[in-house]
Amino acid sequence: MKNKRIKETLDETFSDLKLFYRDTDLTDSLIEKYKAGQIIKEKGFTDMTSMGGGLSGNFRYLIASANAKDLSKFNPDSAKIGHFLLDEISFFKVLDIQKIGNKTQVFLLHIPDNSLSLFKNSTSNIEEEITEKARQKFSSKINSPLIPELQTGDWKERTKSPIGMSENGELFFDDSTIKTEKPKRIEINAEKKTIEINKKPWWKIW
């Protein structure tokens, strides 16, 4: 991937990034399927909420996305639960897995489907910064009160399934098929609007 395209992809991924929540109950065997740095694919729609309270199950997906659809624009009832949706066939990078007591949070970054190799073979300071925020949110919210609006049977039915795999633990995508490239270290300075790849400014190696 050329450096101009890398910059465009990072802009698409990280500009206007927001955090969303999706709680459920998963068995240990399903939780163990997730590995930091892994790329996963969800085949169906991904329901999630912008409202973060205490965990209503033993497992939380915290999802960072810049491209979620706000369903409250189409359904006033969706505003009551902060309902957002990702389209079918969405890809994610597993940025972090955190466990406190018997509760686990997996932090997912929603990524463009044409940039899997880039995210599989690179790390960035932005990923590290948002991962630290994700860890702080998990620690601060784990014992918070539950949000009543998210305890309905309908919402729990929408969010009960694991992301990226079947209920039997069959992954929908094998990220070992992604082309292996020389690992990249990407430094993004949002204030200066600069991107450095492997410590070399992108405009010098374009």
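Trainee: What share of the 206 residues of the protein counts as buried?
Mentor: Keep in mind that we're looking at a predicted model. A residue needs under 20% relative accessible area to be called buried. Run through the 206 residues with that in mind, and the buried share comes to 49%.

Trainee: Okay, and how many helices and strands are there in the protein?
Mentor: Try following the ribbon from one end to the other. The protein holds 7 helices and 12 strands.

Trainee: What is the radius of gyration, and what would a compact globule have?
Mentor: The C-alpha atoms fill a box of roughly 55 × 35 × 30 Å along the principal axes. A compact globule with 206 residues would have a radius of gyration near 17 Å. The protein agrees with that, because its own value is 17 Å.

Trainee: What percentage of the contacts with a separation of 6 or more comes from residues 24 or more positions apart?
Mentor: Here we set aside the pairs with a separation below 6. Among the contacts that remain, residues 24 or more positions apart account for 78%.

Trainee: Let's go inside. Which residues touch the most other members of the largest nonpolar core?
Mentor: That core has 24 residues. Elements giving two or more residues to it include helix 1 (3–14), strand 8 (103–111), helix 5 and strand 10 (184–189). The residues that touch the most other members are L10, F14, I39, L109, F119 and I186.

Trainee: Which residues is I39 in contact with, leaving aside its neighbours within four places in sequence?
Mentor: I39 is one of the core residues that touch the most other members. With the sequence neighbours left aside, its contacts are F91, F92, K93, I111, L116, F119, K120, F173, D175 and I178.

Trainee: Now helix 5. How far does it reach from its first C-alpha to its last?
Mentor: Helix 5 covers residues 125–141, which is 17 residues. At 1.5 Å a residue, the expected reach is 24 Å. The helix comes close to that, with a reach of 24 Å.

Trainee: And which residues in helix 5 are buried?
Mentor: Look along the helix for side chains with little accessible area; the cut-off is under 20%. The ones that pass are N125, I126, E127, I130, T131, A134, F138 and K141.

Trainee: E127 is charged, so what does its side chain meet in a salt bridge, and are the two residues buried or exposed?
Mentor: E127 has 6% relative accessibility, so it counts as buried. Its partner sits in strand 7, so the pair ties together parts that are 34 residues apart in sequence. That partner has a relative accessible area of 5%, so it is buried too. The bridge spans 3.1 Å from N to O, and the partner is K93.

Trainee: How many salt bridges does the structure hold?
Mentor: K93 with E127 is one pair, and R185 with E187 is another, at 2.9 Å from N to O. In the structure there are 15 salt bridges.

Trainee: Which residue forms a salt bridge with D47?
Mentor: D47 is in strand 3 (residues 46–49), while its partner is in helix 6 (residues 153–159), 111 residues apart. D47 counts as buried at 8% relative accessibility, whereas the partner is partly exposed at 39%. Their closest N and O atoms are 3.5 Å apart, and the partner is R158.

Trainee: Which residues are linked with D47 in a network of salt bridges?
Mentor: One of them you've just met, as the D47 partner. The network links D47 with D154 and R158.

Trainee: How far apart are the C-alpha atoms of K184 and N121?
Mentor: K184 lies in strand 10 and is buried, with a relative accessible area of 17%. Residues it touches, beyond four places away in sequence, include I6, L118, N121 and I197. K184 and N121 are 63 residues apart along the chain, yet their C-alpha atoms are separated by 6.3 Å.

Trainee: Last one: which residues does G52 touch, not counting those up to four places away in sequence?
Mentor: G52 is in the loop between strand 3 and strand 4. At 24% relative accessible area, G52 is partly exposed. The residues it touches are Y21, K141 and I147.

How values were computed: Residues are numbered from 1 along each chain as its sequence is written. This is a predicted model: local features need pLDDT of at least 70, side-chain atom pairs count only at pLDDT 80 or more; totals for chains, interfaces and linings use all residues. Side-chain values use heavy atoms; hydrogens and water are left out. Helices (H or I, at least four residues) and strands (E, at least two) are DSSP runs, numbered from the N terminus. The expected span of a helix is 1.5 Å times one less than its number of residues. Buried means under 20% relative accessible area, exposed over 50%, partly exposed in between (1.4 Å probe, protein chains only). A nonpolar core is a set of buried Ala, Val, Leu, Ile, Met, Phe, Trp, Tyr and Cys residues joined through side-chain atoms within 4.5 Å. Contact means heavy atoms within 4.5 Å. A salt bridge is a side-chain nitrogen of Lys or Arg within 4 Å of a carboxyl oxygen of Asp or Glu. The radius of gyration is taken over C-alpha atoms; the globule rule is 2.2 Å times the number of residues to the power 0.38.
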